[in-house]
Amino acid sequence: MVDRPPYMPTGIGIGMLGDDETKIGVLIFETAEGNFDFAINQQAVEVIRQALSKIETHLTKGKILNLD
């Protein structure tokens with residue numbers, strides 16, 4: 001479980017980095033404490049998509065469960 005409250009995003013931004021061979025997406029979570037930038041590749045996009053789907057399912061059911 002989390003040992004402190006998580007940062008609450010106040011906004012989200014995106015960006016792209018790369019050249020002709022490599023592309024990296026940048027996901028930016030804006031918070032009151034500052035921005036958190038995450039560089040992600042195609043594989044990470046799928047992992048994040050699956051995680052968000054699981055979170056959405058649990059939020060919809062209205063239950064708080066240990067997801068580890």
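## Pairing of S1 with S2

In S2, Gly25 is the bridge partner of Met16. This pair belongs to a predicted model, in which strand S1 (residues 9-18) and S2 run antiparallel and are joined by nine bridges. The connection between S1 and S2 is a hairpin of four residues. Another pairing in this part of the sheet places Pro9 opposite Thr31 in S2.

## Overall architecture

The secondary structure of the protein chain consists of one helix and three strands. Along the sequence, these elements follow the pattern β-β-β-α. The protein chain has 68 residues, of which 10% count as buried.

The accessible surface of the protein chain is about 6200 Å², and carbon and sulfur atoms account for 58% of that surface. Where contacts join residues at least 6 apart in sequence, 7% of them link residues at least 24 apart.

## Pairing of S2 with S3

Strands S2 and S3 also run antiparallel, with seven bridges joining them. A hairpin leads from S2 to S3 through two residues. Within this pairing, Glu30 has Asn35 in S3 as its bridge partner.

## Glu30 in strand S2

Glu30 lies in strand S2. The relative accessibility of Glu30 is 32%, so this residue counts as partly exposed. Leaving aside neighbours within four places in sequence, Glu30 is in contact with Asn35 and with Met8, Pro9, Thr10, Gly11, Ile12 and Gly13.

One of these contacts can also be described by backbone distance. Glu30 and Ile12 are 18 residues apart along the chain, and their C-alpha atoms are separated by 5.7 Å.

## Thr31 at the end of strand S2

Strand S2 comprises residues 23-31 and includes Thr31. Is Thr31 buried or exposed? Thr31 counts as buried because its relative accessibility is 9%, and buried means under 20%. Not counting residues up to four places away in sequence, Thr31 touches Tyr7, Met8, Pro9, Thr10 and Phe36.

The side chain of Thr31 also takes part in polar contacts with backbone atoms. A polar atom of this side chain lies 3.1 Å from the backbone nitrogen of Glu33. The side chain of Thr31 reaches the backbone oxygen of Gly34 at 2.6 Å.

## Asp37 in strand S3

Asp37 is located in strand S3, which spans residues 34-40. With a relative accessible area of 53%, Asp37 is exposed. The reason for this assignment is that exposed means over 50% relative accessible area.

Which residues does Asp37 touch, not counting those up to four places away in sequence? They are Val26, Leu27 and Ile28. For Asp37 and Val26, the separation is 11 residues in sequence and 6.5 Å in space, C-alpha to C-alpha.

## The salt bridge in helix H1

How many salt bridges does a search of the whole structure find? The search finds one. Side chains of opposite charge can pair when their charged atoms come close. In this model the side chains of Glu46 and Arg49 meet in a salt bridge, with an N to O distance of 2.9 Å.

Both Glu46 and Arg49 lie in helix H1, where they are three residues apart, about one turn of the helix. Glu46 is partly exposed, with a relative accessible area of 35%. Arg49 likewise counts as partly exposed, at 49% relative accessibility.

## The nonpolar patch

A nonpolar patch on the surface is formed by Ile48, Leu52, Ile55 and Leu59. Together, these four residues have about 390 Å² of accessible area.

One of the patch residues, Ile55, is placed in helix H1 (residues 42-61). The relative accessible area of Ile55 is 39%, and the residue is therefore partly exposed. Patches are made of residues with over 30% relative accessible area, a condition that Ile55 meets because its value is 39%.

Note on methods. Residues are numbered from 1 along each chain as its sequence is written. This is a predicted model: local features need pLDDT of at least 70, side-chain atom pairs count only at pLDDT 80 or more; totals for chains, interfaces and linings use all residues. Side-chain values use heavy atoms; hydrogens and water are left out. Patches are made of residues with over 30% relative accessible area and no salt bridge: like charges are joined within 9 Å, nonpolar side chains (Val, Leu, Ile, Met, Phe, Trp, Tyr) within 5 Å. Accessible areas come from the Shrake-Rupley method with a 1.4 Å probe; for residues, only the protein chains shown count as cover. Buried means under 20% relative accessible area, exposed over 50%, partly exposed in between (1.4 Å probe, protein chains only). Contact means heavy atoms within 4.5 Å. A polar contact is a pair of N or O atoms within 3.5 Å; within protein, one must be able to donate a hydrogen and the other to accept it, and residues adjacent in sequence count only if both atoms are side-chain atoms. Two strands pair if DSSP finds at least two bridges between them.
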